[in-house]
Amino acid sequence: MPLRLDLAEPRVDLAPLAAALADGACAVIPTDTVYGLVCAAGQAGACARLSALKGRDPRQPSTVMFARLDDAESLLAPLEPTLAQRARRLLARGATVLVPNPEGRYPHLCGDHPERIGIRVSAFAPALATAIATVGAILATSANLHGERDPRTLDDVPARISDSCAVLVDGGPAGAGRASTVLDLSAARPVILREGALATADALALIA
């Protein structure tokens with residue numbers, strides 16, 4: 001039976017969430033777009049279990065998510081300075097960016113393209129941001145079964161997923177209710193792969 005934590009509680013203790021992720025478990029948490037199914041990004045076994053739970057191909061590239069922009073510097077610092085700055089501007093607005101991965105970080109999350117990696121920084125509630133930051137990077141994907149609609153509330157998450165997680169965090173209706181906008185910055189010219197919470201025009205203006 002998963003532990004359910006409510007961010008509306010004035011003294012909610014999210015230490016069990018951090019501990020569960022560190023132990024290789026999966027959890028459901030609210031992000032600034034939709035509810036996400038998450039695990040520790042550095043644990044390949046946990047990431048494989050997450051993919052199986054969602055019903056997705058484990059070779060499908062996945063996003064590395066951080067609670068704070070500074071925490072993403074390990075992946076941004078090796079990039080060409082102009083590219084890194086463009087990525088920072090987009091990440092600060094909640095977009096997901098695909099960037100070169102010259103150091104080959106998180107190869108189990110890159111599918112058949114280890115030369116690039118997806119990054120996202122979510123504007124979590126403060127207590128949730130602190131808990132996520134103690135884990136470091138997390139693998140995050142929308143908490144739905146593959147191909148089904150994105151969940152905006154915890155009750156929208158399919159029972160197959162929620163019942164298999166160690167911790168469920170209820171934060172009320174999630175942000176925009178739409179998945180993040182995805183941009184590929186690893187090619188010669190930026191390409192928008194999916195329009196989401198950040199409008200295409202706004203995304204392109206940030207990297208002009």
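Which residue does arginine 116 meet in a salt bridge, and at what N to O distance? The partner of arginine 116 is aspartate 184, with 3.1 Å from N to O. A salt bridge here is a side-chain nitrogen of Lys or Arg within 4 Å of a carboxyl oxygen of Asp or Glu. The pair links distant parts of the chain, since arginine 116 lies in strand 6 (residues 116-121) and aspartate 184 in strand 9 (residues 182-184), 68 residues apart. Helices (H or I, at least four residues) and strands (E, at least two) are DSSP runs, numbered from the N terminus.

This is a predicted model, in which local features need pLDDT of at least 70 and side-chain atom pairs count only at pLDDT 80 or more, while totals for chains, interfaces and linings use all residues. Residues are numbered from 1 along each chain as its sequence is written, and side-chain values use heavy atoms, with hydrogens and water left out.

**Salt bridges**

The whole structure contains 7 salt bridges. Three of them are set out below, with the relative accessible area of each partner. Buried means under 20% relative accessible area, exposed over 50%, and partly exposed in between (1.4 Å probe, protein chains only).

| Basic partner | Acidic partner | N to O distance |
|---|---|---|
| Arginine 116, 25%, partly exposed | Aspartate 184, 8%, buried | 3.1 Å |
| Arginine 4, 44%, partly exposed | Aspartate 155, 63%, exposed | 3.7 Å |
| Arginine 149, 63%, exposed | Aspartate 156, 30%, partly exposed | 3.7 Å |

Shared partners join the salt bridges of Arg4, Asp155 and Asp170 into one network. Within it, the side chains of arginine 4 and aspartate 155 meet. This pair also links distant parts of the chain: arginine 4 is in strand 1 (residues 3-6) and aspartate 155 in the loop between strand 7 (138-142) and helix 6 (159-162), 151 residues apart.

**Helix 2**

Which residues of helix 2 are buried? In this helix (residues 44-54), they are Ala46, Cys47, Leu50, Ser51, Leu53 and Lys54. These residues lie on the same side of helix 2 because they cover an arc of only 160 degrees around the axis. The arc is taken from the directions from the helix axis to the C-beta atoms. The buried residues of helix 2 pack against strand 3 (35-40), strand 7 and helix 6, where contact means heavy atoms within 4.5 Å. Just after helix 2, glycine 55 has a positive phi of about 80 degrees.

**Tyrosine 106**

A positive phi, of about 50 degrees, is also found at tyrosine 106, although this residue is not a glycine. Tyrosine 106 sits in the loop between strand 5 (96-100) and strand 6. With 14% relative accessibility, tyrosine 106 counts as buried.

**Cavity**

The search of the whole structure gives 1 cavity of 30 Å³ or more. A cavity is a set of points, on a 1 Å grid over the protein atoms alone, where a 1.4 Å probe fits but cannot get out; lining residues have an atom within 4 Å of a point. Grid points are joined across faces, edges and corners, and the volume is the space filled by probe spheres set on the points. The largest cavity has a volume of about 40 Å³. Its lining consists of Ser74, Leu75, Pro78, Pro100, Asn101, Pro102, Glu103 and Arg105. These divide into 4 nonpolar, 2 polar and 2 charged residues. Ala, Val, Leu, Ile, Met, Phe, Trp, Tyr, Cys and Pro count as nonpolar, Asp, Glu, Lys and Arg as charged, and the others, Gly among them, as polar.

Technical notes: On a 1 Å grid over the protein atoms alone, a cavity is a set of points where a 1.4 Å probe fits but cannot get out, and a pocket is an open set with protein on both sides within 12 Å along at least five of seven lines; lining residues have an atom within 4 Å of a point.
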